Amino acid sequence: MILDCAVIGGGPAGLNATLVLGRSRRKTILFDDNKPRNAVVSASHGFITRDGTDPQEFKRMAHAEISKYPDVRIEKQRVHRINKENNLFQVETENGEVYSAKKIILATGFKEVLPDIPRVKEFYGKSLFSCPFCDGWELRDRPLAVITNDPRGLHMAKMVSNWTNDLIIFTNGNKLFSLEEQALLQSYGIRINEKKIATFIGEDGMLHNIQLEDGTTVLREGGFITAEWKQAASFGSTLQYTLNEHGGIETDSWQRTNTEGVFACGDTRMAGPSQLIIAAAEGSMAAMSVNAALIEEKFNQDKQHA
Ligand SMILES: Cc1cc2nc3c(=O)[nH]c(=O)nc-3n(C[C@H](O)[C@H](O)[C@H](O)COP(=O)(O)OP(=O)(O)OC[C@H]3O[C@@H](n4cnc5c(N)ncnc54)[C@H](O)[C@@H]3O)c2cc1C
């Protein structure tokens with residue numbers, strides 16, 4: 001059987017794409033190995049009607065909704081390779097199964113690379129986060145940290161200052177800011193600590209103190225990290241799509257990549273704010289775009305037959 005579409009990645013982007021394809025009667029398989037970047041959190045915020053929902057519960061509800069549509073199927077396995085042959089895509093899973101599809105939606109997300117500081121992973125997702133719009137409310141009015149080793153720290157600190165008046169930027173041994181930037185931050189009561197961080201101290205993921213390499217500790221109850229991003233999966237060597245300056249898959253506003261038949265949505269685009277509702281909206285757009293392309297192709301073929 002030739003699928004209309006293979007959706008790779010079952011976070012909110014891929015799930016919403018699959019829902020819209022199912023409702024469009026498109027033979028679709030969603031492949032997902034269920035390792036999303038928000039696996040570390042037990043509640044996600046900012047998605048209307050789903051504020052505070054556990055991401056795994058979100059996924060369970062999405063699967064239940066999608067399973068109402070007979071043309072779609074969910075395969076809980078990782079896609080290993082995708083090749084394009086004569087306008088058809090061959091999708092190979094890690095189990096060695098091969099599926100043929102007319103269109104591909106890439107919704108594989110990205111992974112964070114956290115700074116190499118002892119115990120950081122114990123706190124990430126519980127009291128240290130990456131997006132103040134997602135988790136700032138829960139940390140409001142507490143003594144907070146911005147942990148950064150790149151210039152994005154300035155922007156992050158300005159954002160986080162919306163939720164607390166007690167903010168310290170930890171540059172972990174780096175000199176990041178110009179004199180002008182330092183003066184600006186100081187004028188808003190935001191302090192800078194350039195010492196190297198030895199470790200994080202706290203219990204059950206809740207931060208109490210940041211310990212510095214000189215032995216001093218600084219009371220902090222949470223914060224935000226400017227982590228590095230890398231693709232969770234890459235099919236670029238065979239699909240030949242273009243990447244943007246952040247390493248995200250470039251698309252137009254219809255989620256089309258520059259490779260005919262390949263669409264991308266959600267975090268894998270690395271093109272601005274990263275949130276569940278934005279990923280889901282892009283998934284919906286990608287599915288509509290796939291559908292529109294298939295309909296155009298059908299009408300063009302019918303015209304030739306007439
Ligand atoms: C700590 C933290 C807290 C967050 N809190 C919030 C919040 O409160 N509110 C909010 O809106 N956003 C939050 N986010 C951001 C949110 O998680 C992402 O924006 C969102 O998950 C992106 O959705 P996506 O579908 O693009 O990717 P993902 O959710 O990452 O899903 C990608 C899926 O594709 C799968 N996959 C990858 N490669 C393959 C492959 N080769 N084959 C098969 N499957 C594959 C992965 O396993 C994963 O299941 C948070 C992120 C983090 C890290």
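This report walks through the domains, the salt bridges and a few single residues of the structure above.

The model is a predicted one, in which local features need pLDDT of at least 70 and side-chain atom pairs count only at pLDDT 80 or more, while totals for chains, interfaces and linings use all residues. Residues are numbered from 1 along each chain as its sequence is written, and side-chain values use heavy atoms, with hydrogens and water left out.

**Two domains and their interface**

Let us start with the overall layout. The chain is divided into domain 1 (2-111 + 228-305) and domain 2 (115-225), with bounds that come from an automatic or database domain assignment. Six residues from domain 1 and ten residues from domain 2 take part in the contact, where contact means heavy atoms within 4.5 Å. Between the C-alpha centres of domain 1 and domain 2 the distance is 34 Å.

How much area is buried between domain 1 and domain 2? The value is about 650 Å², and carbon and sulfur atoms give 45% of it. Buried area here is the accessible area (1.4 Å probe) that two parts lose on being put together, summed over both. On the side of domain 1, Val-40, His-45 and Gln-275 supply 59% of the area buried against domain 2, more than any other three residues. Sorted by class, the side of domain 1 that touches domain 2 has two nonpolar, two polar and two charged residues. In this scheme Ala, Val, Leu, Ile, Met, Phe, Trp, Tyr, Cys and Pro are nonpolar, Asp, Glu, Lys and Arg are charged, and the others, Gly among them, are polar.

Three residue pairs are in polar contact across the interface of domain 1 and domain 2 (both at pLDDT 80 or more). Such a contact is a pair of N or O atoms within 3.5 Å; within protein, one must be able to donate a hydrogen and the other to accept it, and residues adjacent in sequence count only if both atoms are side-chain atoms. The count of salt bridges between domain 1 and domain 2 is zero.

**Salt bridges**

The structure as a whole holds 18 salt bridges, each being a side-chain nitrogen of Lys or Arg within 4 Å of a carboxyl oxygen of Asp or Glu. Here are some of them:

| Salt bridge | Closest N to O distance |
|---|---|
| Glu-112 and Arg-37 | 2.4 Å |
| Asp-267 and Arg-37 | 2.8 Å |
| Arg-152 and Asp-150 | 2.9 Å |

Which residues are joined into one network by salt bridges that share partners? They are Arg-37, Glu-112 and Asp-267. Glu-112 lies in strand β7 (residues 110-113) and Arg-37 in the loop between β2 (28-31) and α2 (55-66), so their salt bridge ties together parts that are 75 residues apart in sequence. Helices (H or I, at least four residues) and strands (E, at least two) are DSSP runs, numbered from the N terminus. Asp-267, in the loop between β17 and α8 (276-305), is 230 residues apart from Arg-37, and the pair links distant parts of the chain.

Within this network, Glu-112 is buried at 17% relative accessibility, Asp-267 is buried at 17%, and Arg-37 is partly exposed at 24%. The cut-offs are under 20% relative accessible area for buried, over 50% for exposed, and in between for partly exposed (1.4 Å probe, protein chains only). In the other pair of the table, Arg-152 is partly exposed with a relative accessible area of 36%, whereas Asp-150 is buried at 14%.

**Gln-255 and its surroundings**

Is Gln-255 buried or exposed? With a relative accessibility of 5%, Gln-255 is buried. Gln-255 sits in the loop between α7 (236-239) and β17 (262-264). Beyond residues up to four places away in sequence, Gln-255 touches Val-262, Phe-263, Ala-264, Cys-265, Arg-269, Glu-282, Met-285 and Ala-286. One of these partners also meets the side chain of Gln-255 through its backbone: the oxygen of Ala-264 is reached at 2.9 Å.

**Two strand residues**

Val-98 is part of strand β6 (residues 98-106). Leaving aside neighbours within four places in sequence, Val-98 is in contact with Gln-90, Val-91 and Glu-92. Phe-89 belongs to strand β5 (residues 88-93) and is buried, at 1% relative accessibility. Between Phe-89 and Pro-143, 54 residues apart in sequence, the C-alpha to C-alpha distance is 52 Å.
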